[in-house]
Amino acid sequence: METKTEQQLHIFFLPFMAQGHTLPLIDIAKLFASRGVKSTLITTLVNAPLFSKAIQTSKSLGFEIELLVIKFPSTEVGLPEGIERTNLRKKQEQADKYFRATNLLEQQVEPILDQHRPHCLVADSLFPWATDVAAKFGIPRIIFHGPGFFPLCASTSVMRYQPQREVSSDSESFVVPGLPDEIKMTKNKLAPFLTLDGESELIKVVTASQLANETSYGIIVNSFYELEPAYADHYRKVFGRKAWHIGPASLCETEKDKLQRGRKARLMKYMSLLEIALALEASRQQFIWVVKKENNDKEEWLPEGFEQRVEGKGLIIRGWAPQLLILQHEAVGAFLTYCGWNSTLEAVCAGIPMITWPVSADQFYNEKLVTQILGIGVAVGVEKWEDDSVKSEASMKKETIEKAVTEFMVSHEKEEMRSKILELRDLARRAVEEGGSSFLDLTALIEELKSLRF
Ligand SMILES: O=c1ccn([C@@H]2O[C@H](COP(=O)(O)OP(=O)(O)O[C@H]3O[C@H](CO)[C@@H](O)[C@H](O)[C@H]3O)[C@@H](O)[C@H]2O)c(=O)[nH]1
């Protein structure tokens with residue numbers, strides 16, 4: 001007869017070391033643990049403090065969750081020690097080395113899997129090698145995709161059909177083929193790696209991830225069905241992928257966890273800071289503004305006397321803010337965001353309409369979902385992908401930001417958006433409760449993995 005321990009499902013989780021990827025996968029590991037699965041997270045030394053608090057809380061609740069720390073191969077790729085998370089990298093050259101190092105992690109993960117023989121490996125999509133490594137031990141590899149179904153469908157469609165090749169300029173719009181809604185994009189808003197042009201390590205990783213997509217067991221998506229039903233169906237039926245929606249994962253956070261979440265990290269990118277400062281002041285709205293702050297940064301972006309002038313009206317948080325807690329505060333009327341998937345989902349969970357300012361990655365797609373499909377936000381009007389190499393000329397001007405913020409705060413649309421997003425907030429909460437769509441999809445995944453094993 002099998003003992004209880006023998007029957008317990010054991011899953012390894014390998015988050016990519018970028019906060020927008022790490023934080024939701026920690027939450028997901030906690031979710032599995034809360035359902036009786038033994039969960040082991042793997043990360044590197046510098047990233048370990050991000051995990052410790054979350055793991056402590058889960059353990060205190062009696063869940064089986066643990067952390068395995070591996071070495072980040074800095075010397076092997078010629079990176080200075082300590083650059084173990086994407087926001088700690090400085091230049092493009094470091095970005096390339098960083099991806100080379102994350103590929104080398106395979107050499108450490110393989111013996112770990114051999115030693116522990118878990119029943120499944122859930123690894124971020126940016127570790128394309130994980131599928132083959134898991135296969136060596138007959139273990140299914142499930143991909144964790146940071147973004148939701150809509151950005152996944154849109155980017156898959158662009159990669160597959162390359163519609164941007166049909167337009168004659170970077171600003172001419174084209175329709176993303178085959179989607180349930182008419183979604184117009186321009187080349188300016190596409191990621192270089194989505195068109196698979198160029199030679200960077202990121203492009204190589206993304207290309208390899210596409211291939212790993214085809215051979216992996218399936219994918220986990222941090223979303224809930226009611227948010228994007230047409231795209232959850234489209235991804236499964238049209239792209240033929242096995243997918244489980246089990247989010248919003250952040251709803252599993254306790255109030256204490258919300259305060260400590262990601263504490264050791266820093267904000268990734270903010271641009272046109274001066275323009276934002278001027279616009280916030282001119283909009284006469286109350287605000288909290290979270291700004292990335294490196295230790296040695298000079299604050300030249302802050303207009304003289306700004307903080308004194310906005311005293312009582314505006315608060316600047318330098319560094320890391322407890323975003324989940326701030327968003328759920330009743331005084332918050334709008335969230336100006338660059339539309340990372342997690343922030344977008346968190347705004348939905350808090351019922352806060354968004355003013356969207358996409359910068360790069362999947363953010364232009366997320367903006368379409370928020371403004372065009374769901375009608376829960378307005379766009380500032382950014383027309384162009386911006387990466388580290390592009391300076392603020394491409395960014396928005398004070399007048400545009402001010403107009404967007406002021407118009408939004410006094411508009412009738414705001415009330416309509418607010419009621420739509422409150423409805424979605426309630427659906428999100430119901431999705432993760434017992435019997436809800438995400439709860440049931442997680443149950444289905446756990447049962448399927450058990451049936452493979454036992
Ligand atoms: O001061 C801060 C800043 C951020 N956060 C949290 O950090 C996470 C940020 O995630 P996200 O909004 O997704 O932004 P990124 O970290 O930039 O995410 C990257 O990964 C996402 C998932 O793949 C993509 O959707 C984004 O475009 C990509 O930039 C969220 O949970 C925030 O609550 C805080 O708690 N405090």
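Okay, let's start with a pair of strands: S13, residues 354-356, runs parallel with S14, and three bridges link the two. Across that pairing, Ile 355 sits opposite Val 378 of S14. And before I go on, keep in mind that this is a predicted model.

Now the rest of that sheet. It's an open one with three strands, ordered S12-S13-S14, and the pairing is parallel. Who's at the edges? That would be S12 (335-337) and S14 (377-379); each has a single partner strand, so one side of each has no neighbour in the sheet. On average, neighbouring strands here are turned by 20° against each other, if you ignore direction. Then there's helix H16, residues 363-373, which packs on the sheet and touches S13 and S14. Its direction makes about 120° with that of S14.

Next up, helix H3, residues 48-60. From first C-alpha to last, its 13 residues reach 18 Å, close to the 18 Å you'd expect at 1.5 Å a residue. Its buried residues include Leu 50, Phe 51 and Ile 55. What do the buried residues of H3 pack against? Helix H2 (19-34), strands S2 (38-44) and S3 (65-70), and helix H11 (255-260). Just after H3, Gly 62 has a positive phi of about 90°.

Last one: Arg 241, in the loop between helix H10 (229-237) and strand S9 (243-245). Arg 241 is buried, yet it has no salt bridge. The nearest side chain of opposite charge is Glu 214, 5.7 Å away, and a salt bridge here needs a side-chain nitrogen within 4 Å of a carboxyl oxygen. Setting aside neighbours within four places in sequence, the contacts of Arg 241 include Ile 143, Asn 213, Ser 216 and Tyr 235.

Key
Residues numbered from 1 in each chain as written. Predicted model: local features only at pLDDT ≥ 70, side-chain atom pairs only at ≥ 80, totals over all residues. Heavy atoms only, no water. Helix = DSSP H or I, 4+ residues; strand = E, 2+ residues; numbered from the N terminus. Buried < 20%, exposed > 50% of the residue type's maximum accessible area, 1.4 Å probe, protein only. Lys, Arg positive; Asp, Glu negative; His and termini not counted. Contact = heavy atoms within 4.5 Å. Pairing = 2+ DSSP bridges. Axes fitted to C-alpha atoms, helices over the stretch in contact; angles between N-to-C directions. Expected span 1.5 Å × (residues − 1).
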